[in-house]
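This briefing is meant to be read with the sequence and the coordinates side by side. Its topics are core packing, a helix pair, a helix end and burial.

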Amino acid sequence: MDFLMSGLAACGACLFTNPLEVVKTRMQLQGELRAPGTYQRHYRNVFHAFITIGKVDGLAALQKGLAPALLYQFLMNGIRLGTYGLVEAGGYLHTAEGTLSPVRSAAAGALAGVMGAYLGSPIYMVKTHLQAQAATEIAVGHQYNHQIFPPQSWKVALAAAMVSGIAVVLAMTPFDVVSTRLYNQPTDAQGKGLMYRGLLDALLQTARTEGIFGMYKGIGASYFRLGPHTILSLFFWDQLRRVYYTYTK
C-alpha cells in the first residue's frame with residue numbers, strides 16, 4: 001500500500017512540475033561544453049524559457065516527456081518510500097530498547113533511494129531525450145528523434161487517457177471516500193445523519209482524525225475501477241470523433 005500511495009502521490013505532483021522539468025532540462029543542456037559568450041542563449045532565465053518554449057514549440061511542449069516522467073516518479077518514489085515504509089513497519093529502524101536509530105534510518109533511506117534511482121534511471125534517460133526535443137531555432141544539446149507513437153495513432157489517445165485517469169483518481173478519491181461514508185452513516189428517526197453534518201464536515205473530520213492518507217483510502221481500488229472507465233471513455237470518444245469527421249468532410 002505504501003508503494004501505491006507514494007507512487008500515485010508523486011504522479012499527481014509530476015503533472016504540475018513537469019513543465020519545470022522541461023525548462024530545467026533545456027537550460028542545463030544550453031551551451032554544453034561551450035565557453036560563455038560563444039553560443040546563442042535561447043533561454044535567458046526560467047521565465048524567458050517558459051515563454052520561448054510556449055511560443056516556438058507550442059504550449060503542449062511544456063509537458064513533453066510526461067508519460068516517462070509519470071512512470072519514473074511512480075517507480076522511483078514508490079520503491080523509495082514504499083521500501084522505507086516496509087522497513088519502518090517491520091520495526092527494523094528501532095533499537096532493542098524501542099528508540100529510533102538515526103543510523104538505521106539513514107541506512108534504510110539510502111538503500112531505498114539507491115534502489116529507486118537504479119530502477120528508474122533508464123526511464124529518466126528517455127524522459128530527458130523527449131524533453132530536450134525542440135524546434136531547430138531553439139534546440140539545445142543533442143536532438144534525439146524519438147517518437148513513441150505515430151501521428152494520429154489510437155495509442156496517443158490511449159496514453160493520454162491513462163494519464164488523465166491518474167489525475168481524476170487523485171482529485172476525486174477524497175470526495176468518493178466522503179460520499180461513501182455519508183451514504184453509509186447511521187441516521188436518527190428523521191433520517192438525519194448521526195456522524196456527519198454534511199460534505200464539508202465529513203471532509204474535515206476525516207482529515208483531522210485519519211490524516212491525508214485517510215482521504216485516499218481505497219485509492220488502488222478506485223483507480224482499477226475509475227481508471228479503466230476514464231481510459232475507455234476518452235479513448236472511444238476520440239475514436240468516434242475521428243470517424244465522424246472523416247465521413248462528414
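What follows is a short account of a predicted model, arranged by topic.

The largest nonpolar core holds 19 residues, and Leu66, Leu70, Ile166, Leu170 and Ile219 are those that touch the most other members. The helices α3 and α4 pack with their axes 8 Å apart, and serine 105, which is found in α4, is buried.

**Nonpolar cores**

- Two or more residues of the largest core are given by each of α1 (2–29), α3 (66–89), α5 (154–184), α6 (199–214) and α7 (219–248), and α5 provides the largest share, namely five residues.
- Isoleucine 166, one of the members that touch the most others in this core, is in contact with Leu8, Cys11 and Tyr223 when residues up to four places away in sequence are not counted.
- Another core, of ten residues, lies apart from the largest one, and its members include Val22, Val23, Ala49 and Ala61.
- As general background, nonpolar side chains in soluble globular proteins tend to be buried together.

**Packing of α3 and α4**

- The axes of α3 and α4 form an angle of about 170 degrees; because angles over 145 degrees count as roughly antiparallel, the two helices are described as roughly antiparallel to each other.
- Sorted by class, the residues in the contact of α3 with α4 are 18 nonpolar, six polar and two charged.
- Serine 105 lies in α4, which spans residues 102–132, and once its neighbours within four places in sequence are left aside, serine 105 is in contact with Tyr84, Leu93 and Leu100.
- Why does serine 105 count as buried? Its relative accessible area is 13%, and the cut-off for buried is under 20%.

**Helix α2 and its ends**

- Asparagine 45 caps the N-terminal end of α2, where a side-chain oxygen lies 3.1 Å from the backbone nitrogen of phenylalanine 47.
- Within α2, which covers residues 46–56, the buried residues include His48, Ala49, Thr52, Ile53 and Gly54, and Ala49 is also among the members of the core of ten residues.
- After α2 comes glycine 58, whose phi is positive, near 100 degrees.

**Asparagine 184 in α5**

- Is asparagine 184, which has its place in helix α5, buried or exposed? Asparagine 184 counts as exposed because its relative accessibility is 66%, where the cut-off for exposed is over 50%.
- Methionine 195 is eleven residues apart from asparagine 184 along the chain, and the C-alpha atoms of these two residues are separated by 9.9 Å.

Technical notes
Residues numbered from 1 in each chain as written. Predicted model: local features only at pLDDT ≥ 70, side-chain atom pairs only at ≥ 80, totals over all residues. Heavy atoms only, no water. Core = buried A, V, L, I, M, F, W, Y, C linked by side-chain atoms within 4.5 Å. Buried < 20%, exposed > 50% of the residue type's maximum accessible area, 1.4 Å probe, protein only. Helix = DSSP H or I, 4+ residues; strand = E, 2+ residues; numbered from the N terminus. Contact = heavy atoms within 4.5 Å. Axes fitted to C-alpha atoms, helices over the stretch in contact; angles between N-to-C directions. Parallel < 35°, antiparallel > 145°, perpendicular 65-115°, else oblique. Nonpolar A, V, L, I, M, F, W, Y, C, P; charged D, E, K, R; others polar. Polar contact = N/O pair within 3.5 Å; in protein donor to acceptor, adjacent residues only side chain to side chain.
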